[in-house]
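Reader: I am new to this structure and should be grateful for a guided reading of it.

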Amino acid sequence: MNIKHGLLALTLLAATAAGGNAVAQPIKVGELNSYKLFPAFLEPYKKGWQLALEEINAGGGINGRKLEVVSRDDGGNPGAAVRVAEELIARDKVSMLMGEFASHIGLAVSNLAKQRKMVFVAAEPLTDKLVWEDGNRYTFRLRPSTYMQVAMLVPEAVKLHKKRWAIVYPNYEYGQSAAASFKKLMAAAQPGIEIVAEQAPPLGKIDAGAVVQALSDAKPDAIFSSLFAADLQKFVREGNIRGLFKGRAVFNLLGGEPEYLEPLRDETPEGWWVTGYPWRQIKTPEHEKFLAAYEKRWRDHPRLGSVVGYATMYSVANALKKAGSTDSNALIAALEGLEMQTPFGPIVYRAVDHQSTMGAYVGQLAKKSGEGVMVNWHFADGASYLPSPAEAKLLRRQ
Amino acid sequence: MTASAILIQFLNGLSGASSLFLVAAGLSIVFGVTRIVNFAHGSFFMLGLYVAYSLIDRFGHGAAGFWGGVALAAVAVALLGALVEVLLLRRIYAAPELLQLLATFALVLVIQDFTLWAWGPEDLLGPRAPGLSGAVNIAGHQFPQYDLFLIVLGPTVLLALNFLLKRTRWGTLVRAATEDREMAGALGVNQKWLFTTVFALGALLAGAGGAFQIPREPASLYLDLSVIADAFVVVVVGGLGSIPGAFLAALLIAEIKAFCIGIGDVTIADSVISLPKFTLVVEFVVMAVVLVLRPWGLLGRRLTPPRRVGAVERPLALPSRRAVYALAACGAALALLPTLATGYSLILLTDIFVFALFAVSLHFIMGPGGMPSFGHAAYFGLGAYGAGLLLHRGGLPMELALLLGPLVAGVGALAFGWFCVRLSGVYFAMLTLAFAQITWSIAFQWDSMTGGSNGVIGVWPAPWLASRTSYYFLALVTSAGGITLLWRMFYSPFGYALRAGRDSPLRADAIGIDVRRQQWAAFVIAGLFAGVAGALYVFSKGSISPDSLAVPRSIDGLVMVLLGGVQTLTGPVWGAALFTWLQDAAARNVEYWRAVIGLVIIALVLAFPQGLAGFLRDRFAGERHAP
């Protein structure tokens, strides 16, 4: 250490002793996620929040204090995730929790957050229960839920006036509630529709040939699917070979997310309606700024996970700034009604159910030089697809 | 279903059966001869798919590139298999049974992280097979050409393997070794070489099984574990070591699956039953039914119990006075700990207490009982769900729920145990696995009761137990009490009778011990205590989901027991502590933490094949107990 540095350190020490304590201490935020279980989504997610963190600290941190993230793998199951969250709270003394991908793990962590009175900003878990049936005071969620994303596709489905529908979904809560929401919303918007087949293959283990055959035997006019990842790829390939999609409208929740669309390449089924993220074509200033920063930092293009990680980190930072303290009650007050900018445009964390109004892009799939892209898309603002505050209040248990 | 739909679903079943058979055939050969429970078989399958993807990508999507890539991938995986056998497994054939299970489990972890590191996180969908990329018209339906190719491939491999085993000298030696390893060795068969080739062949088939899936499914990181359970089921349903049996089993399972999907929803007496949802668990239901009706699988024969290859297990001696004092001192130290430490160490130790009780309860049937259960998590989970639901839906106070929850596990063990104790060895293990999976699927599907895949949240302890310190004491007292009771039983007349039944069922029977009844009782006791651990677990986490009774939890239990040492008294406790701590520490400090855990386990297996406690015993107390 040279003399200059030594002096600097001494000065800092003096400043700390003189009561400038709050200036020197970084604010710690605990981040946990199932990095090994869902790496396709979560590696871009991690890059997203890391980029945001660097930007925040380069911009002076939180009211002059540096922001620090303690990031941990949650072990991939709810029990281990709860232990990791406890560790972040007890050992690392974090001020807030953020993260999570899977619904059941997200719910378990949200449940712990309530018990330990610690604010938790859930990034990705899609289950409706997280903010409604099992919602609690300490939990907020960024991404549009299963219900919202289904609601974004339904208007397009109604326009086609198809009568006979087949449904296919992965057999766990996300798929089940997607199917249930679809049936409910369609029945209300277009009375008289018929569900002629329903297939619920186990997650990650679809028997694609048999499922495609069973759907095709039911002779539907249109298909609603909430498959993703490997299941979606197997389903698309078998369906293409067996001609299931010829002359049929297909809707696939999440199908346009780069994580799940890119592996399809020349197998991409054209004309499908999907929710997703057409990262190449979004020309809003907030997105172009994000895209440029992301590509510069990582030499790779963003996936949807990147946006989620980036916006989650900024939600946390903005809440801390607005609250001006790390007290849970102050943070809740700050997050309720928090308005902020994201790469997808402005969002608000609704006070009534703690759900953000982040939206998603709705469009159709197409092939462009051997790659799958979204065309014909528009942005669906989450605010328009959420139940009214009064309805949301009824949905929450307390 | 129309006639043409039935035909097409039948063909779908055939191609599914071929895929399943390709994976299972390799495992069947390895299992039959070396008796190694090779968990890494699914990893070999996954590697085959990834390597083939990369090779085809490099060679181009033409016919030569595609088929060359598939063939080379299989060969590469075979070489890896041979390497694993020579470097790792060969060193531990003499170790207690099931240790290979631990070693291959460690390999799974290492290969998982290696694959992620080498190929990245995104799914990789390969090209269609050149020349077989389209469909043919069968009865008015488009049926993929490649599926027709698979339908032919399965039986061809079956015939080739049959020829290899029945008509070649190598095959004769393999069959001899399957029947009687010792005798084959005594007759001068070079077993080392034979085992290496057998293992390489098994890996070759696994790799080929993966590579041939290129046109049908993407290379993804979940494949290893999703394939391995299917492969074990097929091998066991078919009968250990029987290749035609494996084919028959694959056919049975694949056809049932295809028709469940094809038939769709059925209405019986006004209630709709969704057969496609049944595919979640169908293979395990088939396995349970087959094993209950035919204890050695469809085409298997009664196993000749392998003559002891490893060291003879010495009887479990009473712990010395000094050891008892040391354990009591450990307990006292843990009881005093909260005065010194707070916060996270208490949370981690609470988890360790829970898992120690779980591991000791598994050890109770595995060690003295000689019944290795692959589905012990079922009772852990039943206890947890029992306690959680009694509180959540039954409205019982938490203290009562904690007390009564484990009874649910006991009742489950009573029912399942009755069937399980009729089998032995691997068949016993697989039947416990089948019941555990069936239990899991019920918890997963019965939404209105169990909360489905999300589970139930909001199950916290009563206010006086809610602080970390008081729950720590609750866990310590319950777990220490449970472990002491179980250990006490080891040395009760019941425990001795149990050990007699394990070591010599015939002699035990001759002196009037009802071996089966003893085993059944032991199974219920073990289930009950696993349930206690589960009930403790649920209130420490505040929530419960199907994960707590899924296969990984059962495997964790096995790993803990084996790490500590099966034929020791205190081993499982140390194994539980080490494994839980290791998971926590590795995940905190390293990105590729699964690989680190895997490598540590491999090092421990090679250094201490008798387990940690076994090593300590041999090191310090060897002379005193020497015969």
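Author: A definition comes first: angles under 35 degrees count as roughly parallel, over 145 as roughly antiparallel, 65 to 115 as roughly perpendicular and the rest as oblique. This is a predicted model, in which local features need pLDDT of at least 70 and side-chain atom pairs count only at pLDDT 80 or more, while totals for chains, interfaces and linings use all residues. Residues are numbered from 1 along each chain as its sequence is written, chains are lettered from A and ligands numbered from 1 in the order in which they are written, and side-chain values use heavy atoms, with hydrogens and water left out.

Reader: How are α14(B) and α22(B) oriented to each other?

Author: Helix α14 (residues 344-366) and helix α22 (residues 515-541), both of chain B, have axes that come within 8 Å and cross at roughly 170°. Axes are lines fitted to C-alpha atoms, for helices over the stretch in contact, and angles run from 0 to 180 degrees between N-to-C directions. Helices (H or I, at least four residues) and strands (E, at least two) are DSSP runs, numbered from the N terminus. The orientation of α14(B) and α22(B) is therefore roughly antiparallel.

Reader: How many nonpolar residues does the contact of α14(B) with α22(B) have?

Author: Contact means heavy atoms within 4.5 Å. Residues including B:Phe355 and B:Phe358 in α14(B) meet residues including B:Phe529 and B:Leu536 in α22(B). Ala, Val, Leu, Ile, Met, Phe, Trp, Tyr, Cys and Pro count as nonpolar, Asp, Glu, Lys and Arg as charged, and the others, Gly among them, as polar. Beside 3 polar and 2 charged residues, the nonpolar ones in the contact of α14(B) with α22(B) number 16.

Reader: Are α2(B) and α9(B) parallel or oblique to each other?

Author: Helix α2 (residues 41-59) and helix α9 (residues 223-238) of chain B pack with their axes 7 Å apart, at an angle of about 130°. The arrangement of α2(B) and α9(B) is therefore oblique.

Reader: Which residues of α9(B) make the contact with α2(B)?

Author: From α2(B), the contact draws on B:His41, B:Gly42, B:Ser43, B:Phe45, B:Met46 and B:Leu49. By class, the residues of the contact of α2(B) with α9(B) are 6 nonpolar, 3 polar and 1 charged. Those from α9(B) are B:Leu223, B:Asp224, B:Val227 and B:Ile228.

Reader: Which residues of β11(A) are buried?

Author: Buried means under 20% relative accessible area, exposed over 50%, and partly exposed in between (1.4 Å probe, protein chains only). Side chains alternate along strand β11 (residues 339-342) of chain A, and A:Glu339 and A:Gln341 point to the face that is not buried. Pointing to the other face, the buried residues are A:Met340 and A:Thr342.

Reader: Which residue stands opposite A:Glu339?

Author: β11(A) pairs with strand β12 (residues 345-348) of chain A in the antiparallel sense over 4 bridges; pairing requires that DSSP finds at least two bridges between two strands. With 2 residues between them, β11(A) and β12(A) form a hairpin. Opposite A:Glu339, in β12(A), stands A:Val348.

Reader: What is the phi of A:Arg299?

Author: Most residues other than glycine have a negative phi. A:Arg299 lies in the loop between α10 (285-298) and α11 (304-323) of chain A, and is exposed, with a relative accessible area of 77%. Although A:Arg299 is not a glycine, its phi is positive, at about 50°.
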